[in-house]
Amino acid sequence: MTQPLWGIDLGGTKIEGAIVPSLDNPQPILRTRIDTEGYKGYEHIIGQIESLVQTMKKQSGLQPARIGLGTPGVLDPILQTMKNCNSTALNGQPLKKDLEEKLGIPCVLANDANCFALAETHWGVVKEKAPDAQMVFGIIMGTGVGGGIVVNGHVWNGKHGIAGEWGHNFLDESGGPCYCGKTGCVETVLSGPGLQRYYKSVTGSMLSLKDILNHALQGNDPAAIKTIDRLNHFFGKAVSVITNLLDPDVIVVGGGVGNIDSIYTAGVESLHKFIFNNRVDVQILKPSLGDSAGVFGAAALVA
């Protein structure tokens with residue numbers, strides 16, 4: 001009998017766990033969550049993960065052979081410590097080593113964008129619409145911007161563990177300073193806060209992204225229309241870099257900004273202008289798994 005797949009999605013506010021039967025059957029045996037309480041520090045986060053695993057064992061009557069863990073940063077493959085985590089208590093910590101000692105089983109770690117891409121490949125929109133895809137690039141455009149690469153059903157982490165970190169490539173100076181120390185990163189232009197900052201720079205008013213989009217769709221707010229037009233333009237320009245370098249079969253776009261319909265029309269038209277090709281054949285798709293993607297992708301890490 002195939003060993004069920006255990007996954008944990010470590011988020012800033014919650015830690016979610018799921019057990020799924022196999023890659024062929026993602027219907028969860030169990031799915032549960034607890035608060036991260038990251039403000040209490042690194043050791044407390046480790047304790048919360050252990051507590052969640054113990055709860056999963058008790059409720060399911062199962063024992064994991066190993067566990068996949070989606071993280072808000074990456075494990076440095078050389079130093080074996082975490083880096084680039086927005087949950088800053090994790091940075092510099094040997095999370096994999098500490099968890100394996102605490103839980104007594106092997107753990108496989110990948111960042112949340114990789115888990116998103118992996119879940120959509122095995123169980124989501126890629127399986128539905130492009131089941132023969134060999135390379136998938138998963139984008140998360142929300143509060144931040146990230147990316148993940150899946151090749152032949154497996155995450156590609158890269159030499160430094162940063163493969164797919166599309167959000168911190170240079171895009172345009174107008175994005176302004178990024179928390180990473182550089183200026184004009186993709187994240188500063190295409191993230192939700194980046195779009196809000198741009199709208200404010202034009203109008204002096206801060207609106208939510210939802211309101212900016214509604215104003216643009218109603219057609220009565222020139223600044224809102226300009227903000228969404230700018231998003232579409234730079235989406236195509238930024239995605240052209242992915243396409244020219246990796247030439248993926250599918251690009252899946254998650255996150256709140258990924259719900260804006262015009263990036264799949266005007267944004268793709270923009271891609272036509274920048275791609276090093278006379279046409280665009282890569283499928284650019286909305287995800288189908290919603291908030292299940294993170295924990296499902298973590299489980300798929302151990303398949």
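In this predicted model, the protein is divided into domain 1, made of residues 5–116 and 292–301, and domain 2, made of residues 132–285. Taken over C-alpha atoms, the centres of domain 1 and domain 2 are separated by 27 Å. The contact between them draws on 10 residues from domain 1 and 20 residues from domain 2.

**The domain interface**

The size of an interface is often given as the accessible area lost when the parts come together. Between domain 1 and domain 2 the buried area is about 1,000 Å², and carbon and sulfur atoms give 59% of it. On the domain 1 side, the residues that lose the most area to domain 2 are A113, N114 and F116, which together make up 52% of what that side buries.

No charged pairing of the salt-bridge kind spans the two domains: the count between domain 1 and domain 2 is 0 salt bridges. Polar contacts are present, with 3 residue pairs between domain 1 and domain 2, both residues of each pair being at pLDDT 80 or more. Among the elements of domain 1, helix 3 (residues 112–122) gives the most to the side that touches domain 2, with 4 residues. By class, this side of domain 1 has 5 nonpolar, 3 polar and 2 charged residues.

**Helix 3**

Helix 3 is mostly covered, with 10 of its 11 residues buried. The buried residues of helix 3 are A113, N114, C115, F116, A117, L118, A119, E120, T121 and H122. A113, N114 and F116 are thus named twice, as buried residues of helix 3 and as the residues of domain 1 that lose the most area to domain 2. At the start of helix 3, a side-chain oxygen of N111 comes to within 3.2 Å of the backbone nitrogen of A113.

**E16 and its surroundings**

E16 lies in strand 2, which covers residues 14–20. With a relative accessible area of 2%, E16 falls under the 20% limit and is therefore buried. Leaving out residues up to four places away in sequence, E16 touches G7, I8, D9, R31, T32, R33, L52, D291 and V295. Of these, R31 makes a polar contact with E16, side chain to side chain, at 2.4 Å.

R33 is also a partner of E16: the two form a salt bridge in which the closest N and O atoms are 3.6 Å apart. E16 lies in strand 2 and R33 in strand 3 (residues 30–35), so this pair ties together parts that are 17 residues apart in sequence. The two ends of the bridge can be set side by side: E16 is buried at a relative accessible area of 2%, whereas R33 is partly exposed at 43%.

**Salt bridges**

The structure holds 10 salt bridges. Three of them are listed here.

| Pair | Closest N to O | Relative accessible area |
|---|---|---|
| E16 and R33 | 3.6 Å | E16 2%, R33 43% |
| K96 and E100 | 2.8 Å | K96 23%, E100 24% |
| R279 and D281 | 2.7 Å | R279 43%, D281 52% |

K96 and E100 both lie in helix 2 (residues 95–103), where they are 4 residues apart, about one turn of the helix. K96, at 23% relative accessibility, counts as partly exposed, and E100 counts as partly exposed at 24%. In the pair of R279 and D281, R279 is partly exposed at 43%, while D281 is exposed at 52%. Salt bridges that share partners also join K14, E16, R31, R33 and D291 into one network.

**Positive phi in loops**

Q80 and N152 are residues other than glycine with a positive phi. For Q80 the value is near 60°, and the residue lies in the loop between strand 5 (74–75) and strand 6 (82–83). Q80 counts as partly exposed, at 33% relative accessibility.

For N152 phi is about 50°. N152 is found in the loop between strand 9 (145–151) and strand 10 (154–155). Its relative accessible area is 52%, which is over the 50% limit, so N152 is exposed.

Technical notes. Residues are numbered from 1 along each chain as its sequence is written. This is a predicted model: local features need pLDDT of at least 70, side-chain atom pairs count only at pLDDT 80 or more; totals for chains, interfaces and linings use all residues. Side-chain values use heavy atoms; hydrogens and water are left out. Domain bounds come from an automatic or database domain assignment. Contact means heavy atoms within 4.5 Å. Buried area is the accessible area (1.4 Å probe) that two parts lose on being put together, summed over both. A salt bridge is a side-chain nitrogen of Lys or Arg within 4 Å of a carboxyl oxygen of Asp or Glu. A polar contact is a pair of N or O atoms within 3.5 Å; within protein, one must be able to donate a hydrogen and the other to accept it, and residues adjacent in sequence count only if both atoms are side-chain atoms. Helices (H or I, at least four residues) and strands (E, at least two) are DSSP runs, numbered from the N terminus. Ala, Val, Leu, Ile, Met, Phe, Trp, Tyr, Cys and Pro count as nonpolar, Asp, Glu, Lys and Arg as charged, and the others, Gly among them, as polar. Buried means under 20% relative accessible area, exposed over 50%, partly exposed in between (1.4 Å probe, protein chains only).
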